[in-house]
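Here's a walk through one structure, taken a stop at a time. Keep the 3D view open and follow along.

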Amino acid sequence: MRQQPVLEVRGIRKEFPGVVALDGVDFRLFPGEVHALMGENGAGKSTLIKVLTGVHPSDGGEVVLAGERVRIAGPLQAQQAGISTVYQEVNLCPNLSVAENIFIGREPRRFGLIDWPAMRRRAAELVRELELDVDVSAPLNSYSIAVQQLVAIVRAVDVSAKVLILDEPTSSLDRDEVRQLFAVMRRLRDQGVAILFVSHFLDQVYEICDRMTVLRNGRLEGEYLTSELGQVELVSRMIGAELAGLDQLGGGKRRERTAPTGPAFLQADRLARRGAVEPYDLDIRPGEVIGLAGLLGSGRTEAARLLFGADQSDGGTLRIEGTVTALRSPRDAIARGIAFCSENRKTEGLVGELTVRENIVLALQAARGWTRPLSRTAQDAYALKWIRALDIRPGNPEALVRNLSGGNQQKVLLARWLITDPKLLILDEPTRGIDIGAKAEIQKLVANLAEEGMAVLFISAELEEVLRLSHRVGVLRDHRMVAQLDNDGGLTPERVMATIASGAHA
Amino acid sequence: MMSTAAAASPVKAVTRSRLFWPAVVLAVLLAANLAFTPDFFAVRLQGGHLYGSLIDILHFGAPLILVSLGMTLVIATGGIDLSVGSTVAISGALACLHISESTDPGSLATVLTAAGIALGTALLLGAVNGLLVAKVGVQPIIATLILMVAGRGVAQLITDGQIITVTSDPYKLIGGGYWLTMPFAILLSALVVLATVLLTRSTALGLLLESVGGNPVASRLVGIRAMRLVALVYVFSALCAALAGLMVSSNVSAADGNNAGLWIELDAILAVVLGGTSLNGGRFSIGGTVLGALIIQTLSTTVYTIGIPPETTLVFKAFVVIVVCLIQSPAFRAKLAARGARARRTARPHAAAPTTNREVGA
Ligand SMILES: Nc1ncnc2c1ncn2[C@@H]1O[C@H](COP(=O)(O)OP(=O)(O)OP(=O)(O)O)[C@@H](O)[C@H]1O
Ligand SMILES: [Mg+2]
């Protein structure tokens with residue numbers, strides 16, 4: 001290589017009780033490159049990043065920063081040493097404002113006091129650079145997980161760093177934001193910043209990255225130039241097996257099925273909630289998969305939450321199996337056979353300090369009430385069944401969920417709702433952070449469940465995925481359902497995008 | 001699959017158990033007493049009653065164990081109950097008032113009615129706390145602070161600012177009597193602890209409480225009736241405190257609205273934390289709490305037996321508590337171990353490293 005790496009690790013080892021997460025990993029990052037870190041869920045990508053930034057002390061190996069061997073004691077030290085990081089799980093302060101989150105720890109000052117107007121002005125500029133439409137003085141938790149992710153990115157790119165690390169920054173972004181982010185990344189790269197990028201979207205990796213390092217089961221698989229390793233080859237390096245082609249991963253054709261007819265399981269009639277979503281109509285039949293498409297903040301999640309009683313509607317009616325129903329709480333909805341898998345697994349989904357088994361049975365147990373505990377045998381059976389079905393790793397039901405990798409946590413959340421055997425399954429970004437192989441498995445699973453008669457509402461920023469699965473696609477724009485398109489083979493991502501853009505029936 | 005590190009050795013399994021460090025601390029404290037009181041571990045049978053320092057610790061620790069037990073469940077839901085000390089005082093005052101005013105203080109019926117009045121009142125007090133926290137959404141520390149402050153006043157109103165003394169054999173049994181050679185208070189608290197373990201662990205109650213404390217938002221979305229659970233936990237805590245109040249007043253045959261249960265809420269919180277339950281809520285350990293309460297009681301006993309001057313008692317206690325907390329913190333132990341390793345490394349000169357070594361930051 002042409003220059004000296006700005007960051008290099010040799011023989012890094014990291015053990016957690018019972019797991020070797022990294023085993024002799026070497027890795028180099030050069031100035032002015034975008035470098036992808038690739039690997040399956042649980043391969044050790046996030047762990048490597050956390051060792052690099054001092055979140056976890058390493059159990060062996062060395063880190064060389066700009067030619068000097070260093071011991072990075074913690075994230076703050078990493079930042080001072082010029083490594084700026086966006087971690088996989090957004091770790092900002094939810095009840096501080098967007099501006100405060102961007103500038104926390106490095107607030108602009110005047111006469112020793114925080115210069116609030118300057119801070120808001122700077123924050124607004126930064127946010128505009130990413131073409132984001134957010135009010136920087138609003139609290140962060142008033143925005144969706146995607147916006148929060150973007151705020152974390154804004155914060156990270158604003159500190160002038162030598163190394164920028166982005167752990168799955170695009171997992172809940174849609175095309176436009178990804179394009180925006182890539183523009184910023186290219187600009188920084190041209191300024192000589194070294195960027196480490198993690199993503200399970202191969203297209204994105206091939207679009208933006210110059211080189212990649214592949215990890216498998218905590219070991220280094222190899223370091224490649226993106227131009228010299230094809231996608232099929234890459235995937236087989238990641239999973240350690242030969243592949244006939246990407247089609248085998250289900251990336252290929254969509255399922256041709258006729259939409260089920262018959263009485264609807266759920267009918268929303270002018271259902272609305274002020275400030276969240278305008279009145280909309282929606283029918284979902286048993287066996288039908290309805291996709292929701294729309295840009296970030298278009299009201300997809302808000303629309304879904306009304307169907308689960310997570311928020312109360314203040315207009316319109318909801319019929320479930322023909323009878324008008326007011327869902328006062330999620331508990332009401334669950335009792336009527338509705339499940340909702342939230343997009344935000346950390347704050348709305350999992351209980352980190354409980355085990356995989358406990359998290360999986362939680363919804364079912366809550367529905368039974370505390371006096372009718374599931375026997376330990378039953379709990380173990382559920383946990384083991386879904387650990388196997390979704391290939392959750394490590395396959396230990398007693399592992400604490402917070403110690404699982406991001407993708408594996410997502411699978412646990414999915415398993416929790418699947419065991420309740422719902423009549424309507426609402427999936428909000430169910431494949432967020434899930435690797436390419438497991439994603440295909442989950443899509444197949446959803447399709448099969450629908451074929452067996454489950455109604456599914458499927459929300460995803462990935463249009464291809466929505467189109468592959470749904471019979472019908474509801475398009476939202478500015479909190480309004482602007483169209484419902486039949487997915488009859490002629491529907492393309494482009495047409496959906498056009499509908500979103502024009503906001504009219506296409 | 002992930003390669004698995006060498007099968008966890010049994011030793012490691014023990015040291016990683018949540019109860020390990022509290023148990024070690026308790027053992028060390030007890031052993032330290034042995035140095036000052038050679039017959040510290042001796043238990044003898046005299047007149048059909050067991051005597052000894054260990055029995056005393058259990059006996060005098062019983063009220064604290066009960067209060068800490070209720071506190072554990074409250075803390076598991078992410079809350080805190082500062083009002084338990086006042087509840088102890090109110091409960092003792094109500095019971096003693098009823099007995100002292102009754103025509104037949106020695107009858108079992110009188111004592112049962114007295115206990116019923118105390119527990120019933122506690123039920124109400126707990127329900128108020130629970131409603132304020134769960135329904136109205138007041139911060140637990142504020143909601144229970146109200147009763148903590150006002151409750152002391154109420155207890156003094158009940159006793160009319162006096163100390164009510166009672167003479168009633170059945171009442172004396174609760175906190176000061178013996179049954180089957182053991183102090184009755186020990187048996188009673190053991191029974192309540194056991195029942196609570198059964199209630200939380202053989203039903204799904206424990207799991208649901210831990211879920212509510214660990215992630216309240218997720219718990220709502222999962223369909224847990226969090227409001228009801230949280231309210232119940234404050235009621236339970238008040239009932240435990242009331243029972244402790246009966247014990248305390250029974251032991252001295254008197255109700256002192258001013259001093260009964262004074263600062264016991266702080267000892268209880270400390271016991272829960274020493275036992276390994278995080279103040280953030282979530283996972284709780286009843287076994288740990290019992291060990292924590294015993295650590296605190298042993299500390300109090302130690303202060304007397306080794307004759308620490310009264311004016312330095314609190315400082316001594318605080319010092320031990322700080323050390324205990326540090327020892328139990330994994331981060332602190334790791335730092336200590338790293339420091340030790342580095343000291344050993346620098347003590348032994350070695351070949352120059354191939355690259356320069358620089359510490360980033362402190
Ligand atoms: N704090 C921890 N305690 C115990 N095990 C952990 C901890 N953090 C990570 N692990 C384990 O280390 C392994 C690697 O996890 P890591 O988060 O690095 O995966 P990843 O490659 O980022 O996966 P994903 O694509 O799902 O985000 C996993 O088996 C995980 O369970
Ligand atoms: Mg990860």
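How do the residues of the shell around ligand 1 divide into nonpolar, polar and charged? Keep in mind that this is a predicted model. The split comes out as six nonpolar residues, 11 polar ones and three charged ones.

Let's stay at ligand 1 for a while. There are 20 residues around the ligand, and the ones that come nearest are A:G42, A:S46, A:T47, A:S405 and A:G407. Try colouring the view by chain here: the residues surrounding ligand 1 come from chains A and B, so the site is shared between the two chains.

Now for the side chains that reach the ligand's oxygen atoms. An N or O atom in the side chain of A:T47 sits 2.5 Å from an oxygen of ligand 1. For the side chain of A:S405, the matching distance to a ligand oxygen is 2.7 Å, and for the side chain of A:H200 it is 2.9 Å. On its own, ligand 1 has 640 Å² of accessible area, and the protein covers 91% of that.

Which elements give two or more residues to this shell? They are α1 (45–52) and α14 (406–418), both in chain A. Of these, α1(A) makes the largest contribution to the shell, with three residues.

It helps to zoom out to the domains at this point. The assignment for chain A gives domain 1 (7–82 + 160–242), domain 2 (94–159), domain 3 (252–337 + 422–506) and domain 4 (345–417). Why does ligand 1 lie between domain 1 and domain 4 of chain A? Both of these domains give residues to the shell around the ligand, so that is where it lies. As for domain 2 and domain 3 of chain A, their centres, taken over C-alpha atoms, are 32 Å apart.

Next, the enclosed spaces. The structure holds four cavities of 30 Å³ or more, and the largest cavity contains about 80 Å³ of space. Its lining includes A:D174, A:R175 and A:D176, along with A:A293, A:G294 and A:L295. Also among the lining residues are A:R300, A:S460, A:M497 and A:I500. In terms of elements, α6 (175–190), β15 (289–294) and α17 (493–502) of chain A each give two or more residues to this lining. By type, the lining residues are six nonpolar, two polar and four charged. Domain 1 and domain 3 of chain A both supply lining residues, so the largest cavity lies between those two domains.

Two spots in the backbone round off the tour. The peptide bond running from A:R393 to A:P394 is cis, with omega near -5°. You'll find A:P394 in the loop between α13 (376–389) and α14 of chain A. Past α14, in the loop that leads to β19 (424–428) of chain A, is A:D421. Its phi is near 50°, a positive value in a residue that isn't glycine.

Note on methods:
Residues numbered from 1 in each chain as written. Chains lettered and ligands numbered in written order. Predicted model: local features only at pLDDT ≥ 70, side-chain atom pairs only at ≥ 80, totals over all residues. Heavy atoms only, no water. Near = heavy atom within 4 Å. Polar contact = N/O pair within 3.5 Å; in protein donor to acceptor, adjacent residues only side chain to side chain. Areas by Shrake-Rupley, 256 points an atom, 1.4 Å probe, with all protein chains shown as cover. Helix = DSSP H or I, 4+ residues; strand = E, 2+ residues; numbered from the N terminus. Nonpolar A, V, L, I, M, F, W, Y, C, P; charged D, E, K, R; others polar. Domains from an automatic or database assignment. 1 Å grid on protein atoms, 1.4 Å probe; cavity = no way out; pocket = protein on both sides within 12 Å on 5 of 7 lines; lining within 4 Å. Points joined across faces, edges and corners; volume = space filled by probe spheres on them.
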